[in-house]
Amino acid sequence: MKFSMLPQVFAQMFKKPFTNKFPAKYTPPSTTKFLEAVGAGKAKLIPPIETPEGFRGKIQFDKDKCIGCNLCIKVCPSGAIESKPEEKKIKIYLARCTFCSQCNDVCPVNCLSMSNEFLLADADKYSKDLIVE
Amino acid sequence: MKQTATTKTSYHIPVGPIHPALKEPVFFEFEIEGERIVDVDVKLGHVHRGIEWASRKRNPIQILYLAERICGICSFCHPAAFTLAVETAADIQAPERAEYLRVIQGEIERITSHVLWAGVAAHEIGFDTVLFLTWQMREKLMDLTEYLCGNRVTKGIMTIGGIRRDITEDMIPKITDTLNYLKDNFEKLRKIFLDDKTIRMRSQGVGILTKENALKLCAVGPTTRASGVKKDVRVDTSYFAYGDLDIDFITPDVLTNEVNGDVYDRIIQRLLEVKQSIGLIEQCLDTMPSGDIVVEPKIPKLLNQLKKVNGEGVGRHEAPRGEVIHYVKFDGENESPYTWKVRAPTYNNILPWIPMLKGEQIADIPIIAASTDPCMSCTNRVAIADGSKKYEMQKEELHRLSIEKTRRLMK
């Protein structure tokens with residue numbers, strides 16, 4: 001066949017686009033203003049595609065369970081975890097985290113877990129949202 | 001009036017290291033006569049990141065994630081080869097079920113990589129419609145990867161002595177759905193690639209790598225198999241569970257009854273390998289035994305065991321682009337390895353560019369360069385810097401340094 005792609009192209013004209021239009025159908029001129037408008041209820045956000053079970057997102061830390069054994073610091077490949085010796089607890093800098101969940105596997109008391117949250121972009125790497133303690 | 005004679009007939013055209021036609025930094029210097037390429041010189045070393053050095057401060061479990069970041073597309077192959085090397089050095093045998101799961105992950109990665117490559121190759125010859133079709137197919141595979149491993153690109157699935165996540169009964173329908181979707185779309189893709197006039201015009205008889213050259217220049221992976229050389233680590237050494245599976249060498253003559261070693265053959269080769277990989281995953285799902293997925297679930301205990309290891313190991317794995325080799329040496333005192341050496345498949349597939357490109361036209365450079373599926377970031381392992389002057393060392397320079405050292409020692 002001379003142009004074997006043509007039938008596929010015609011079929012595609014009557015189909016919905018494969019891409020999920022996140023966060024809006026057309027790119028807003030300013031994302032920050034758009035998010036403010038969403039917060040005020042003026043604009044509607046197209047939600048991102050749902051993550052499957054077992055997704056490795058933002059780390060959740062159960063502070064009361066932690067015994068301060070520092071095993072997670074030993075296996076963390078990027079050095080994102082800091083020890084707080086006086087409290088016997090840890091502090092995780094998400095800006096360095098590689099989301100490998102190796103600390104979850106090694107934790108003897110299961111105080112660490114991965115959540116579904118993945119929209120973590122921030123201008124400041126030491127902002128409150130990016131430090132888990 | 002005296003006429004000025006123009007004696008110069010050839011021109012030098014530098015392409016790269018940063019160039020819109022190239023996806024990754026590599027420097028070409030072409031000698032051109034009219035439209036024909038007379039000679040090619042390739043220079044590497046623009047994206048050296050010192051990953052091997054970074055391993056000197058890390059323990060083997062941490063290096064797994066470092067190895068994953070050598071290449072985004074081969075994010076299973078590099079940890080897999082590293083794990084094989086460590087397992088050889090420490091004499092660890094992974095459970096049988098883990099070996100099958102490793103094969104499934106490796107083959108999913110191969111399909112993802114080859115489908116991506118098919119899109120890039122179509123894009124290089126200006127057939128962008130196919131690019132969108134293939135990347136739509138790839139998206140399904142990325143979703144499957146996310147479902148099985150927890151993330152789309154950095155899989156984080158490999159661990160020393162096993163694998164980190166199991167495939168349970170309720171996960172199998174999603175895998176078979178994706179495989180069926182792939183099989184349907186694979187037929188479409190095969191028709192487009194093999195019957196379309198545009199693709200045949202641009203790829204047949206272009207960038208020929210003969211069998212002799214492929215053997216002489218040690219090409220690996222689909223590049224060498226498309227030239228008719230039967231070289232595949234999966235069949236040659238039967239690591240993981242490949243020994244139990246029905247797998248044989250694939251060369252383009254299965255489909256066309258002849259081997260030309262041109263770009264068209266390399267397209268056929270990769271499409272055939274996608275089909276083979278789908279078959280391998282199905283075989284694994286059918287014959288997978290039950291049991292443990294990791295030999296030592298307690299990571300601190302495993303690290304203590306690895307700390308005492310005094311020895312070396314080599315891990316070989318057939319990555320989508322060819323054979324990847326990792327070498328690891330432990331000294332028995334430190335937790336981090338004494339040496340870690342990586343040889344990515346593109347390293348071997350650089351030199352075959354020269355016979356492929358010679359005699360071709362300038363416009364064929366992108367498709368020929370893309371036909372070996374190069375991955376520069378994986379390859380760059382050596383860069384020699386001395387102050388701000390020298391970036392790399394020539395042969396003469398090294399020879400002079402060697403003589404100087406000999407004289408110094410003789411004093």
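What follows is a short exchange on confidence and strand pairing in a predicted model.

Residues are numbered from 1 along each chain as its sequence is written, while chains are lettered from A and ligands numbered from 1 in the order in which they are written. In this predicted model, local features need pLDDT of at least 70, side-chain atom pairs count only at pLDDT 80 or more, and totals for chains, interfaces and linings use all residues.

Colleague: Where in chain A is confidence highest?

Modeller: pLDDT is the predictor's confidence in each residue, from 0 to 100; its mean over chain A is 87. Helices (H or I, at least four residues) and strands (E, at least two) are DSSP runs, numbered from the N terminus. Confidence in chain A is lowest in helix H1 (residues 6–13), at a mean of 84, and highest, at 92, in strand E3 (residues 89–93).

Colleague: In chain B, which strands stand at the edges of the sheet E1-E2-E3?

Modeller: Two strands pair if DSSP finds at least two bridges between them, and the pairing in this open sheet is antiparallel. Each edge strand has a single partner strand, so one side is left without a neighbour in the sheet; these are E1 (11–15) and E3 (36–43) of chain B.

Colleague: Which residue in E8(B) is the bridge partner of His326(B)?

Modeller: Strand E7 (residues 322–331) of chain B is joined by 5 bridges to strand E8 (residues 339–343), and the two run antiparallel. In E8(B), the partner of His326(B) is Val342(B).

Colleague: How many bridges join E6(B) to E7(B)?

Modeller: A hairpin joins E6(B) to E7(B) through 2 residues. Strand E6 (residues 310–319) of chain B and E7(B) run antiparallel, and the number of bridges is 10.
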